[in-house]
Amino acid sequence: MFRQILSCAIDDNEKFLLFIKIIQMLIQNMTVITKNIQIKSKSENDIIDITHQVSKIVKESKIENGAVIVFVVGSTAAITTIEYEPGLQNDFPDMLSRLVPKDIEYAHDNTWHDGNGHSHVRASLIGPSLAIPFIEGHLTLGTWQQIVLVEMDTRPRERKIILQVIGE
Ligand code: ZN
């Protein structure tokens, strides 16, 4: 295979650079696999458990040790971990409304009139991504710790979550 790759080089200089690249790949033996998950949220404060999907993608990657980055595209949703039980599914949004109330003035709303200034601020506060280490194909989450998408926009949204599995 390497001979085939090297035969693509147009000159000795390019051949040398390709050779170095192959050596680096062999030494590092690191792989990156990118996948995505599509999720439909129902409403504001919808908290969706995505642990199963993330863990499945890590297993299917065949990478044994490393970390998976979970990143939601968009500025009105967040990714975090929580114990996924009904009490906290109320407590978490309650905390958000205490910290970032809906009924105050937002410059964002005055400019864009989309009524979701609080959604953007909440999303930035919690953050769009997480990196979760995994060992021998298993996520190092606690038993009562699930990975969740938190919808913060004021309407149902179709969410794209990018996963990058990095390791060896
Ligand atoms: Zn907005």
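**Exercise 1. Look at the hairpin of S5 and S6 and find which residue takes a positive phi.**

Solution. Start with the turn: the hairpin of S5 and S6 has two residues between the strands. Now check the backbone angles there, bearing in mind that this is a predicted model. Glu136 turns up with a positive phi near 50°. Next, see how the two arms are held together: S5 and S6 pair in the antiparallel sense, over two bridges. For one concrete pair, pick Phe134, whose bridge partner in S6 is Leu139.

**Exercise 2. Step across from S5 to S3 and work out how many bridges join them.**

Solution. Locate the two strands: S3 covers residues 66-72 and S5 covers residues 129-135. Count the bridges and you get six, with the strands running antiparallel. Then read off a couple of facing residues. Ala67 sits opposite Pro133 in S5, and Ile69 sits opposite Ala131 in S5.

**Exercise 3. Put the strands of the open sheet in order, then say which are the edge strands.**

Solution. Five strands make up this open sheet, and their pairing is antiparallel. Going across, you should have S1-S8-S3-S5-S6. The edges are strand S1 (31-40) and strand S6 (138-139), as each pairs on one side only. Now see what lies against the sheet: helix H3, residues 51-60, packs on it. Tick off what H3 touches: S1, S3, S5, S6 and strand S8 (158-167). Last step, the angle: the direction of H3 makes about 35° with that of S8.

**Exercise 4. Zoom out and write down the order of helices and strands along the protein chain.**

Solution. Tally the elements to begin with: the protein chain has six helices and eight strands. Then walk along the sequence, and the pattern reads α-α-β-β-α-β-β-α-α-α-β-β-β-β.

**Exercise 5. Set the radius of gyration of the protein chain beside that of a compact globule of 168 residues.**

Solution. For the globule, expect a value near 15 Å; the protein chain comes in at 21 Å. Add the dimensions: along its principal axes, the C-alpha trace spans about 65 × 40 × 25 Å. Then look at burial, where 23% of the 168 residues count as buried. Finish with the contacts: take those between residues at least 6 apart in sequence, and 80% of them join residues at least 24 apart.

Key
Residues numbered from 1 in each chain as written. Predicted model: local features only at pLDDT ≥ 70, side-chain atom pairs only at ≥ 80, totals over all residues. Helix = DSSP H or I, 4+ residues; strand = E, 2+ residues; numbered from the N terminus. Rg over C-alpha atoms; globule rule 2.2 N^0.38 Å. Buried ≥ 20, exposed ≤ 12 C-beta atoms within 10 Å, placed from the backbone. Contact = placed C-beta atoms within 7 Å. Pairing = 2+ DSSP bridges. Axes fitted to C-alpha atoms, helices over the stretch in contact; angles between N-to-C directions.
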